[in-house]
Structure formats: structure tokens, C-alpha cells
Amino acid sequence: MAVKYDEQQKIFHIFSKNTSYVTGIVREKYLTHLYWGKRIREYHGSRSIVWKDRGFAPNPDDTDRTFSLDTLPQEYPQTGNGDFRSCAYGIRQENGSRISNLEYAGYEIVDGKEGLPGLPASFGRDDQVQTLYIHMKDPAAGLKVRLAYSVFYEADVITRSVVFENASGEPLTLTKMLSMSVDFREDDFHVLTLYGAHNNERNMDRRPLTSGMVSIESLRGTSSPQQSPFMALLRKDAGEYQGDVYGASFVYSGNFVASAQVDPYRNVRFQMGMNPLNGDWYLKPGETFYTPEVVMVYSDHGLMEMSHIYHEFYQNHLVRSSFAKKPRPVLINNWEATYFDFNEEKLLSLAKKAADAGIELFVLDDGWFGHRDSDTSSLGDWVTDLRKLPHGLGQLSEKIHAMGMEFGLWVEPEMISPDSQLYREHPDYVLHTPGRPCTLGRGQLVLDLSRKEVCDYVVESMARVFKEGHVDYVKWDMNRHLTDVGSAYFPPQQQGEITHRYVLGLYDIMERLTAMFPQVLFESCSSGGGRFDAGMLYYMPQTWCSDNTDAICRMKIQYSTSLVFPPVTMGAHVSVTPNHQTGRVTPLSTRGYVAMSGNLGYELDLEKLTSQELEEIKEQIAFYKSIRNTIQLGMLYRNENPFESNTVSWNFVSKDGHGAVAFFVEVLSPAAAPVRILKLKGLDPDALYKNTKDGCVYGGDELMYTGLSMPLKKQDFRGECYHFIKM
């Protein structure tokens, strides 16, 4: 049993194998947060709340000036009644009132976990997960709120979500609906977030918490490359392998907000959920609203343990695809080789070279449909361009399959070009606010996925293409964010719902298409990593990590992405030099080592390479296939942080512990260079390991504690790789 209720203390104790989470009821109706951290056997009240009369802290009980909601560590705080900190939810009644008071109304403990209607959510068998439902109510507003806490005991994870029900006789509007709020009665933390931009996604930002609020958000309609829907609080002494870490990851692909607020008394309110700034929900009598879930992870062994928990959890309890635990194919994508300028002959010639090199999947990128010779036309017209492919998509696919490779296809189904037959026939399909001009982005507009008929069109057109092309893999792109958000098909009081309804429409499309094509490997993309979030992984088991294929940039991007997501979810390609994004010239070996640390692919014109380069690529692919299970399905250990050092290193250990692969990259070659030492992690200290390259044998303890001396080389951007087999 992972949830206990102490009737005498009125305490809920939620626990996994290493974590405890404690909440309780004060004065019969106030739900308070008491503890989240390292597992304890029982909670007997040692961390009791200290009551004190604080200036300017209002008192709901006029007989006790020490009791105030402004100082109470609350579990799901409201607004308008004396708590001046950030609230977790907000309402607006028909009479204009925005005040709400939640009271405790009961609880349930059930085995298993319900799904969230229309939303991605983690899952588990009844013997793997137990759920606590805490019922709250606001009698004056007729609002019922159900807080859900699902605990996966062995996985060491707690998830949270909320259900709102309008039990009154008149409509009300939800103006804020976060999924998680935790009040810590201490502030000895740093906050860690991941920020960036297109081609520079997920940089690590760690800073101390001080007075006020640290907040990240997206208002772009997607989770965005600018901020990732993840936040962690770390003890100030916490690092990669030591210290307390509290992580929160949002299973959602739209606008979000995450914050850590320090109050004047050095308490921290940690929150995450949907962004309220341009989204509300009109709730009619009897209707319910479900928030997306937050996955909460506590680690007392630093960031790496937190990452391992997230990796295992998302692989076992979030990714539904049959590919979740299958090795992924080595692919080649024609984009940087041809861009829009290709024909069938060019593609088949490139495919022949790829097959000869041992590549397993050929992916045809943008430009195969309509009359698309640039990014200014044809989105929405999902019909093969016979100028480029005179024998059709199906015959191209057959020829690729005949070479022994699978066939993949790029699509961007959420978009529409003004220069398209679809737009000429259905300008109303565009996401827009009536009476205002539409804003172009990348020469395109966004389809209004809040409308069922538009979603049906996307499903029908994509299903037709996938069948015609006999596709084995789909790269699903999304190359602009939402503007002019509105829909003529909803009344004024529901216009605040459109951004969320867009995401729900997208999820509906994915639900239907992935069910129709379970044999297809779907890869999510949004100009690279612009929508790399847990919500997308529920439907698509991997994501194109970034449009930036420069190996030195990718070290950082993939390193920080691995804080939450396993390497098997990351698409990583070897591209040509000078690199198309940075102009950098990096050795082919280093490009290979970095790309091998995820799902290896190639994005270059093989026909323009020298015979020596082609031979090296063949060797890379053969080597990667020998270590693929270790990389994609094993355990990652981060050793040196590229955000803090001129070098980076990480290693992988296979699930059975039999194999280990280590990578080391030095960015710039220093004068009077010191000898660098590579220390592996995760090995068996009592075992012997053989280096497959030179046959040398080392002890596991030796490799971890004394380490390997890296050779000295006068070369920028140089990489080293070591493959060990347990003897």
C-alpha cells in the first residue's frame, strides 16, 4: 500500500520506495503541505506548523490572529481570501466574483490510475500504481475540485493532476488551473530550468532562489524551444551525483507556466501547469475540466538519479508505441543533401549509396507534395508532386524497400499555405480572429485544430498519404507558433479556450493516426526541438532534438535534454562540414560519436563525399549497430558538463551490465594541455572489462575510480570512444 491515511492526525502519507509526500487537514477544512523528500517510515508530526501572528496577514478566524492563509503551507491554494502568494487556480462567476474558498470534503484511495480524457497521461497496472483522490469544494461557487496523486511505488514517481466540476446551476469560468503546487517551508534551493531558441534549444540555467519569483513560461501555443516545461529545485550543494533534487515535468504540449516563489518568511511555493495568461475555460453546469499531469521526482543522489527515474518512467509508463523498447533504425534524411531541389533519380541515387553504407531507413523530407519548391506554398495539399516524382510516392517507396531499406516521409499537417488549393477552398480552416488580419510565419498559417472537421481533414489526408507511400516512419513537423488565436466557430465566452482546444485537437489527430498505423515509427519535430515534451512522447516515441546538427552544439543540447528524456527519444544526425548552421568544421569521427549518443542518422549528400569518408561512415554504422542496444536501451551516465567545461564525457551501460560505451570530446585544444582522465560510471567494480579496440583488460573499479588517460592531440573538436565488454 503506497498511500496511508492517519485518521487521528488527519494526515495523508504518500510514499514510494525512496520518497515520502505528506499532506494533512487543518481545522477540519484546510489542506496543508507538510513534507516531500526522502522516505520516512511514519510521520508523527515532527515537522509541525509553527503558528505566529504576522503583520498584514489576514485571519479567517477572528479569534486567532496566528492563523492566516497567507502563511499556511497550502496544498492547492486559492485567491481572494487572504493568501497573497501565487494561487493554484482561479474562477470568475457570472456575478463577476473571482473569490474562491476550497474546503476539504473527503478522500478515496484506489488501486490503479485513470486516464485523462483527451490528454496524454502516464499509465500502469493496478499492482504498479495507487491513486489518492482528495475531494475539495467551494460551496458558495458550487465548485468541486478533485486533486489526484498517483504514486508508482517501484518507479519512485508521484504524478499530480486536477479535475474541476461545476456543480452549480450557472456557468463559471476557470481563469487559472495549475496541476501542481507545493509549499516548502524553507528556501535553501537553486532553481534549474532549460532555455533556448531555434537551433539552440535547452541550455541549462541554474541560479539561486532569492526573494520574489522565478518563472518560466510559453505563450506560443506549444511547449516551445524558448523554455522547456521542466523545472527542478536543488539544494545548494546538489550536483550530478549528490544532493537533494525536486523535479517537475509537464505532460503537455501547449502553453505552460512553472514558478518558484519565495515569500518574506523564506518559504517557497513551487508550481506548474497550464499558462493562464491567454487561456481560460467556460464551464457550464455539470461540466468537468481535466488538467494535464505533472510528473514529480525526488532524488537524494543528485541530477543523474533524477534523470534515471524520468528515463525509466517515461519508457515504461508513458511511451505507448510498440517501438518504446525496440532498437531504432539508422536513417538518412535528404534535407541537407537536397533541400527542395530533388527528383526521383537523385533520391534513388542517394538511397543506393545509403543502402551500401548499411543505412536502414531512407527519409524523404520537405518538398515532395503540391508544387512546393520553397516554403511559401502547398501546405495542406497532400498530393504527390509528379514533376519531381513522376511515378508517384508509392513506386518510390517500393524501390526504396527493394534496396533493403524502410521508407520514411516528412509531413507538416498542422499548417496551411495561403498559396494552396486547401486555402482557396477553405480559408475558414485557418486559426484566426475574425476582423483582424492573419500573421504569417515562415510563409504559412496554422490550421484551426479546435474544429473537428479540420482535424478530420488532417486525419483523412495523412492516412491516405501513409497508405499510398507504404511508410514505415513519419517525421511530423510544426514550423511556426500560434498567432491571431481565435475561432469563428466558438462563442465569445469560449475564445479563451482555443489554445487548449488546439492542443486537444492535435492529440485527437495523433490518437487516431497512431492507432490506424501502429507499425509506423513516428518522430515528432518542431523546427527541431521546439516541441520536445512528455505529451508528444505519449504518441511519438522519439523527437528530432534540434535542427542544429553541429556536433559541438549538439553536445550541450543532448546533454541537457537527457536531464528528463532518455537518449532513445533523441534524433541525432551526422551532417556535412562546414556545418550548415554554424559553419564549423568538425572531424567526422566526432560528429559520429555525438550522433551515436542518440538515435543515429545522417543528413548529408553521400555522393559528394570522398571514398575515405564513405568508408568511415560504413565503419561508424557497423560499430553503432554493435552498441545500439547499449545506447538506446541502456543507462546513461553523465560525467563532464559541457556548460561548465572545455570537455564533455558520458557513458552508457547496457541493461544486463555486459557492455559499456564511453564518449569523450574536447572542444578546443589548449596550449600546454593537461592529460584528461575519463572516469566511467555504472560498472560492476568486481568485474573485468575488455576494450574491444585493443584487447586491454581493466577492472570495473579501475575504470570508475582511477579512470582512463585520454591521449594528447593538437586538434580542436576531437573525440574519443571506448567500447568495453564484461568478461
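**View 1. Helix α1 is mostly covered, with 13 of its 16 residues buried.** Keep in mind that this is a predicted model. At 1.5 Å a residue, those 16 residues should span 22 Å, and the C-alpha atoms at the two ends of α1 do sit 22 Å apart, so the expected and modelled lengths agree.

**View 2. Here we zoom in on M304, which sits in helix α1 (residues 302–317).** M304 has a relative accessibility of 1%, and because buried means under 20%, M304 counts as buried. What is M304 in contact with, leaving aside its neighbours within four places in sequence? The list is E240, Y241, L636, Y637 and R638. V245 is another residue to pick out in this view: V245 and M304 are 59 residues apart along the chain, and their C-alpha atoms are separated by 9.8 Å.

**View 3. D365 is a buried residue in a loop, with a relative accessible area of 3%.** The loop in question runs between β22 (361–364) and α4 (392–402). Which side chain does D365 join through a polar contact? That would be K475, at 3.4 Å. K475 also turns up among the contacts of D365 once neighbours within four places in sequence are set aside, along with N333, N334, W335 and W410.

**View 4. This one goes into the largest nonpolar core, a set of 190 residues.** F164, L364 and W368 are the members that touch the most others in this core. Take L364: not counting residues up to four places away in sequence, L364 touches N334, F342, L347, L389, L393, L396, F407, G408, L409 and W410. Apart from the largest core lies another one, made of 16 residues, with V653, L703, Y722 and F724 among them. As a general point, nonpolar side chains in soluble globular proteins tend to be buried together.

**View 5. The largest pocket has a volume of about 520 Å³.** Its lining is made up of 23 residues, and the ones closest to the pocket centre are Y593, K693, E720, C721 and Y722. Y722 may ring a bell, as that residue is also listed in the 16-residue core. Which element gives the most to the lining? Strand β38 does, with 6 residues. At least two lining residues each come from α10 (588–596), α11 (611–633), β37 (708–709) and β38 (718–726).

Definitions and conventions
Residues are numbered from 1 along each chain as its sequence is written. This is a predicted model: local features need pLDDT of at least 70, side-chain atom pairs count only at pLDDT 80 or more; totals for chains, interfaces and linings use all residues. Side-chain values use heavy atoms; hydrogens and water are left out. A nonpolar core is a set of buried Ala, Val, Leu, Ile, Met, Phe, Trp, Tyr and Cys residues joined through side-chain atoms within 4.5 Å. Buried means under 20% relative accessible area, exposed over 50%, partly exposed in between (1.4 Å probe, protein chains only). Contact means heavy atoms within 4.5 Å. Helices (H or I, at least four residues) and strands (E, at least two) are DSSP runs, numbered from the N terminus. A polar contact is a pair of N or O atoms within 3.5 Å; within protein, one must be able to donate a hydrogen and the other to accept it, and residues adjacent in sequence count only if both atoms are side-chain atoms. The expected span of a helix is 1.5 Å times one less than its number of residues. On a 1 Å grid over the protein atoms alone, a cavity is a set of points where a 1.4 Å probe fits but cannot get out, and a pocket is an open set with protein on both sides within 12 Å along at least five of seven lines; lining residues have an atom within 4 Å of a point. Grid points are joined across faces, edges and corners, and a volume is the space filled by probe spheres set on the points.
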